[in-house]
Amino acid sequence: MKLKGAIIGCGFFAHNHMQAWNEIKNIEIVAVCDLDKKKAISFSKKFKIAHYYTDINKLLDLENLDFVDVVTTMETHLSIGKILSKRKVATSIQKPFAENLQDAKKIVSLYEKTKTPLMVHENFRWQTPLMTLKKLEKQYQLKKPQYSKISFRHANPVGYTNQAYLYDLEEYLILDVGIHLYDLSRFFLGEATSVYTINQNTNKKFKGETAFTSLVRHENGGVSIIDASISSIKTPDRFAQTLVNVEYENGSIDLDYDYNITVHKKGLKKLHKGNPRKLKWISKPWDQIQESIVNTHNHFISCLNMKRVHDTSGADNIKSLSLVFASYQSNKHRKEIQLNEK
Ligand SMILES: NC(=O)c1ccc[n+]([C@@H]2O[C@H](COP(=O)([O-])OP(=O)(O)OC[C@H]3O[C@@H](n4cnc5c(N)ncnc54)[C@H](O)[C@@H]3O)[C@@H](O)[C@H]2O)c1
């Protein structure tokens, strides 16, 4: 059965979302909606989408939708979520899920009340290099993860020049990128219990932090070091690759630059590649991010079809978001923050 969907928000990143929807069988994006009429028109023309709207209620009144894909910035999510949950439309919503934990919890409870599926488009764990790392963990029977180092450091302005709104945020890199990295730490080591974070501003164009280093404790006794920077000069530049090292009781895996993955296990060293698939519309340096959108959409749709809760459901994402806000507290008070006592 073909599912019919709509995109809400026709800005910078929505173009990638639409290209990715075009990769998926049995899906049709039948309408788009943006408050900015010009953007809605040009987006619908570019992708040959039958209808455009500037008002979400009108979109829902006139279209028969199985799902919507919300690609707007975080401050709009509560008001959009109120409308969509009330009308029981299955929703995928971009990160950051909300500006604060209270709003995120409110959105989750609205969707729970009307029993409507809600997934956060948390795409880093759906990047091919990271999915490959997870697969190798199983293949080599690596057990009991006890340490991870998750790093996203670059100096390529392309990482923010398309998103001018980022310059003025009081809280920037942890909310924008840290959220993905904290989610990865939970993906590899399980739930977190506390965080200690130090922020830096290394680029005065930004109001908020442009670098951070976090130490996270996990329920299983493991520890993660998570760091990011937009001022890390390397040749070649590392944007937008997340470099990861996970250590287990019986081995370790390194995901290095250029998707090179090395597995170590008791005297054994094996090399693997984790390159994203080559799709016509993807290009460096965004390739692994662009490709992950297809994988994330696929997860959204397959869970809808199987009536399963999404791995990165709204409720799940609150756990990653808790790390974000605890990190800001930690940096402010210069102390370790327990996740259940903020
Ligand atoms: N996961 C990733 O890898 C990744 C990468 C880049 C951006 N993002 C996220 O995607 C989101 C969108 O980012 P962007 O750069 O495309 O933003 P953008 O500002 O370019 O686009 C957002 C659009 O939403 C529209 N909009 C806002 N409220 C609306 C409403 N109520 N109804 C209809 N339209 C509305 C705006 O008019 C705007 O055109 C952000 O949350 C950003 O963090 C994620």
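Helix 1 crosses helix 8 with a right-handed sense. The model is predicted. Two helix pairs are covered here: helix 1 with helix 8, and helix 5 with helix 9.

**Helix 1 against helix 8**

- Helix 1 spans residues 14-21 and helix 8 spans residues 287-306.
- Their axes come within 9 Å and cross at roughly 60 degrees.
- The two helices are therefore oblique to each other.
- On the helix 1 side, the contact uses Asn16, His17, Ala20 and Trp21.
- Helix 8 answers with Gln290, Ile293, Val294 and His297.
- The residues of this contact divide into 4 nonpolar and 4 polar, with no charged residue.

**Helix 8 on its own**

- Helix 8 has 20 residues.
- From first C-alpha to last, helix 8 reaches 29 Å, close to the 28 Å expected at 1.5 Å a residue.
- Helix 8 is mostly covered, with 14 of its 20 residues buried.
- Lys307 sits just after helix 8 and takes a positive phi of about 55 degrees.

**Helix 5 against helix 9**

- Helix 5 covers residues 101-113, and helix 9 covers residues 314-333.
- The axes of helix 5 and helix 9 come within 10 Å and cross at roughly 175 degrees.
- That angle makes helix 5 roughly antiparallel to helix 9.
- Helix 5 contributes Leu101, Ala104, Lys105, Ile107, Val108 and Tyr111 to the contact.
- Helix 9 contributes Gly314, Ala315, Ile318, Leu321, Ser322 and Phe325.
- By class, the contact of helix 5 with helix 9 has 9 nonpolar, 2 polar and 1 charged residues.

How values were computed:
Residues numbered from 1 in each chain as written. Predicted model: local features only at pLDDT ≥ 70, side-chain atom pairs only at ≥ 80, totals over all residues. Axes fitted to C-alpha atoms, helices over the stretch in contact; angles between N-to-C directions. Helix = DSSP H or I, 4+ residues; strand = E, 2+ residues; numbered from the N terminus. Parallel < 35°, antiparallel > 145°, perpendicular 65-115°, else oblique. Left-handed = near helix turned anticlockwise from the far one by under 90°. Contact = placed C-beta atoms within 7 Å. Nonpolar A, V, L, I, M, F, W, Y, C, P; charged D, E, K, R; others polar. Expected span 1.5 Å × (residues − 1). Buried ≥ 20, exposed ≤ 12 C-beta atoms within 10 Å, placed from the backbone.
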